[in-house]
Amino acid sequence: MITGKTKNLGVIGWPIAHSFSPNMHNAAIAEAGLDYTYMAMPVKPEDLKEAVAGVRALGFKGINVTIPHKQAIMEFLDEIHDDARIIGAVNTVVNEDGRLIGYNTDIDGFINALKATGFDCKDKKVVMLGAGGAARAVIWGFIKEGISRLTIAVRNVPKVLPLAESFSSYLDIKVINWIDKEYSDALRECELLVNTTPLGMYPKIEAMPPVDFDALNPSAFVYDIIYTPAETMLLRKARENGLRTLNGEGMLAGQGAVAFKHWTGVEPDINVMAEALRKALKS
Ligand code: NAP
């Protein structure tokens, strides 16, 4: 029951009505028996500064931050964690006695889900498809885990070169067009193939990024960060070709679990979060 002692958490974004975060977090709160509540709060871009002041003034314990505020919120916070600074985006804010600290938990969400399958990124050759908003967290996660090689395959190489350049002091990233022959060469050597494009996402579930399964290393692991549908066309084809696969559900639940721990100090039950997410996605 919500009482005068209940601590507030939430997510801000614009729009926000589609968010599954309240389902996930309230399920984890109930499971852990904590006196917290988590709500979705629509915040227009022009109101962001006031909304952040509101988080402080109202004594929220923390918030998640989603599109379009992930970059813009940084200037209104008191401190930014190193990972979030390198990625250039904050998805979690923790209120520590009035000091607002920005984190990015997408990195851990992405990597922890992969580790949970038993896959170790160390020294692996990786091909990443697409390089938009989610890609920076994915790349930084790979760099922290010590992959040996990253090839980014996209439809528009010049657009992605600045992103690759921004990580060049950590890893030499090759950017190629996925219609070129070097893409087949990269697939042949690839040990982990990650899709970060929205190709195959609901409702266009028949779409998929171009992947030649005759060229792809037969022991490659295929990770699609899309979570609707649970099995994209890419993952279906990968499974039918005998490859190990992972969808984006664990990443989504995982980034939430890391944020939850930051706010409450309690490790949530990630299975409860994933189950709440699945239920919400079906409804
Ligand atoms: P984004 O910023 O729009 O970036 C998408 C990338 O895919 C860009 O490189 C874009 O290339 C490329 N792309 C888009 N449409 C394409 C098409 N028709 N053909 C070829 N390339 C195309 O998207 P995002 O925010 O990174 O999200 C990407 C996907 O990841 C979405 O499905 C999202 O739901 C999912 N995601 C999952 C999680 C999770 O927790 N599991 C977290 C974040 C995102 P151009 O620049 O050339 O358009």
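Helices and strands are here DSSP runs, numbered from the N terminus, with at least four residues for a helix (H or I) and at least two for a strand (E). On that basis, D97 is placed in the loop between β5 (92–96) and β6 (99–103). The model is a predicted one. This briefing covers the ligand site, a nonpolar surface patch, two cis peptide bonds and two residues with positive phi.

**Ligand site**

- The ligand is surrounded by 19 residues, of which A131, G133, A134, R155 and K159 come nearest.
- By residue class, the shell around the ligand consists of 11 nonpolar, 6 polar and 2 charged residues.
- A polar backbone atom of G133 lies 2.7 Å from an oxygen atom of the ligand.
- For A134, the distance from a polar backbone atom to an oxygen atom of the ligand is 2.8 Å.
- I225 places a polar backbone atom 2.8 Å from a nitrogen atom of the ligand.
- On its own the ligand has 920 Å² of accessible area, and the protein covers 73% of this.

**Nonpolar surface patch**

- A nonpolar patch on the surface is formed by M201, Y202 and I205, which together have about 310 Å² of accessible area.
- Within this patch, I205 belongs to the loop between β10 (192–195) and β11 (221–224).
- I205 counts as partly exposed because its relative accessibility is 36%, and the partly exposed class runs between the 20% limit for buried and the 50% limit for exposed.

**Cis peptide bonds**

- The bond from I67 to P68 is cis, and its omega is near 10°.
- P68 is located in the loop between β3 (62–65) and β4 (79–80).
- A cis peptide bond also leads from T228 to P229, with omega near 0°.
- P229 sits in the loop between β11 and α8 (233–240).

**Positive phi outside glycine**

- D97, in the loop between β5 and β6, has a positive phi near 50° although the residue is not glycine.
- The relative accessible area of D97 is 82%, so this residue is classed as exposed.
- D123, likewise not a glycine, has a positive phi of about 65°.
- The loop between α4 (106–116) and β7 (125–129) contains D123.
- With a relative accessible area of 49%, D123 is partly exposed, because the exposed class requires a value over 50%.

Note on methods. Residues numbered from 1 in each chain as written. Predicted model: local features only at pLDDT ≥ 70, side-chain atom pairs only at ≥ 80, totals over all residues. Heavy atoms only, no water. Near = heavy atom within 4 Å. Polar contact = N/O pair within 3.5 Å; in protein donor to acceptor, adjacent residues only side chain to side chain. Areas by Shrake-Rupley, 256 points an atom, 1.4 Å probe, with all protein chains shown as cover. Nonpolar A, V, L, I, M, F, W, Y, C, P; charged D, E, K, R; others polar. Patch = residues over 30% accessible without salt bridge, like charges linked within 9 Å, V, L, I, M, F, W, Y side chains within 5 Å. Salt bridge = Lys/Arg side-chain N within 4 Å of Asp/Glu carboxyl O. Buried < 20%, exposed > 50% of the residue type's maximum accessible area, 1.4 Å probe, protein only.
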